[in-house]
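Here is a short note for a colleague who is opening this structure for the first time. Please read the points with the model in view.

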Amino acid sequence: MQKNISVIISTYNSVEWLKKVLWGYNTQTYKEFEMVIADDGSREDTKEMINAMREEVSYPIIHVWHEDNGFQKSQILNKALLACTTDYVLMSDGDCIPRPDFIEQHIKFREEGYFLSGGYHKLPMELSKSLSKEDIYSGRCFDVEWLKKNGMSASFKNNKVDAMGIKSALFNMLTTTKPSWNGHNSSGWIKDIKAVNGFDERMQYGGQDRELGERLVNYGVIPKQIRYSTICLHLDHPRGYATPESINKNRSIRKVTRTEKRKWTEYGIVK
């Protein structure tokens with residue numbers, strides 16, 4: 001059957017985390033999707049794992065890779081966008097395990113003229129490491145009581161993990177967080193993303209997703225908050241790329257985008 005949504009997952013030398021994520025997509029209630037892995041120059045072991053997983057999972061995997069030349073996430077995401085064969089894209093990361101209804105909820109809420117901003121819930125490092133294939137395939141990793149027994153702290157934020165139906169609709173309505181393009185969990189029409197020229201490839205670690213969202217809003221696409229309807233578990237990991245220089249560079253680019261209401265970047269898909 002024809003696929004009607006592409007899921008772009010970004011990764012870089014995180015084989016064990018990516019494997020857990022791919023297992024998560026094998027549990028999806030909505031099956032008509034393709035997987036596009038945006039690989040920012042990982043070693044050969046990532047390619048070998050992906051080839052092995054192709055034999056296990058029920059969905060097709062497109063592996064988009066380029067040479068490792070430092071942090072080029074924006075560039076590989078643009079290449080992945082061009083590799084998609086559908087007209088709608090859901091973007092997440094190689095450290096985010098999707099709840100079984102993850103894609104189903106994006107399909108349910110998608111609408112012309114909008115992009116969707118979903119939610120994620122961070123797990124502590126030890127729990128991130130210990131999650132097994134069986135924990136994911138059984139769905140117990142989305143059981144709040146099970147998570148708390150295995151090291152997750154009690155918090156109001158835990159409501160995101162299993163909120164559904166009326167509960168998720170109510171929390172979506174009450175949340176004060178402004179919807180933005182969130183690289184862990186957002187979706188939109190590929191034609192809209194191409195209309196603003198994709199990701200700004202000058203952007204370094206952190207913020208390139210939100211800058212894209214700001215251009216989409218300037219272009220007239222309306223963000224819709226569904227952070228309690230569609231959720232993924234964010235596995236913990238070191239964050240080595242963020243530096244004061246890169247953060248300041250990103251802020252200055254985003255400031256220009258906002259103050260000048262820019263809809264297009266000269267440093268995106270089309271050069």
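**Notes on the model**

1. T11 is buried: its relative accessible area is 7%, and the cut-off for buried is under 20%. The residue sits in strand β1. Setting aside neighbours within four places in sequence, T11 touches L18, I37, A38, D39, D40 and S42. Please keep in mind that this is a predicted model.

2. Which strand runs parallel to β1? Strand β2 does, and six bridges join the two. Strand β1 covers residues 6-11, and β2 covers residues 34-39. One pair to look for is I9, which stands opposite I37 in β2. I37 is also among the contacts of T11. In general, strands of a sheet pair through backbone hydrogen bonds, either parallel or antiparallel.

3. Now step back to the sheet that holds these strands. It is an open sheet of seven strands, in the order β3-β2-β1-β4-β8-β6-β9. The pairing is mixed. Strands β3 (61-65) and β9 (222-225) stand at the edges. Each has a single partner strand, so one side of each is left without a neighbour in the sheet. From one strand to the next, the twist averages 20°.

4. A helix belongs in this picture too. Helix α2, residues 44-54, lies across β2 and β3. Its direction is at about 170° to β3.

5. How many strands make up the open sheet with the order β5-β10-β7? There are three, again with mixed pairing. Strands β5 (96-98) and β7 (119-122) are the edge strands, and each pairs on one side only. Here the twist averages 30° from one strand to the next.

6. Look at β7 and β10 in detail. The two run parallel and are joined by four bridges. Strand β10 spans residues 231-234. G119 has I231 as its bridge partner in β10. K122 has H234 as its bridge partner there.

7. Strand β7 also has two distinct faces. Which residues lie on the covered face, and which on the uncovered one? G119 and H121 are on the covered face. Y120 and K122 are on the uncovered face. The two bridge partners named above therefore go with residues of opposite faces: G119 is on the covered face, K122 on the uncovered one.

8. Turn next to K31, in the loop between α1 (15-25) and β2. Is K31 buried or partly exposed? With a relative accessible area of 43%, K31 is partly exposed. Beyond its neighbours within four places in sequence, K31 is in contact with K3 and N26. For a sense of distance, compare K31 with K271. They are 240 residues apart in sequence and 35 Å apart in space, C-alpha to C-alpha.

9. Last, a nonpolar surface patch. L170, M173 and L174 make this patch, which has an area of about 330 Å². L170 is placed in helix α9, residues 165-174. At 41% relative accessibility, L170 counts as partly exposed.

Conventions
Residues numbered from 1 in each chain as written. Predicted model: local features only at pLDDT ≥ 70, side-chain atom pairs only at ≥ 80, totals over all residues. Heavy atoms only, no water. Pairing = 2+ DSSP bridges. Axes fitted to C-alpha atoms, helices over the stretch in contact; angles between N-to-C directions. Contact = heavy atoms within 4.5 Å. Patch = residues over 30% accessible without salt bridge, like charges linked within 9 Å, V, L, I, M, F, W, Y side chains within 5 Å. Areas by Shrake-Rupley, 256 points an atom, 1.4 Å probe, with all protein chains shown as cover. Salt bridge = Lys/Arg side-chain N within 4 Å of Asp/Glu carboxyl O. Buried < 20%, exposed > 50% of the residue type's maximum accessible area, 1.4 Å probe, protein only.
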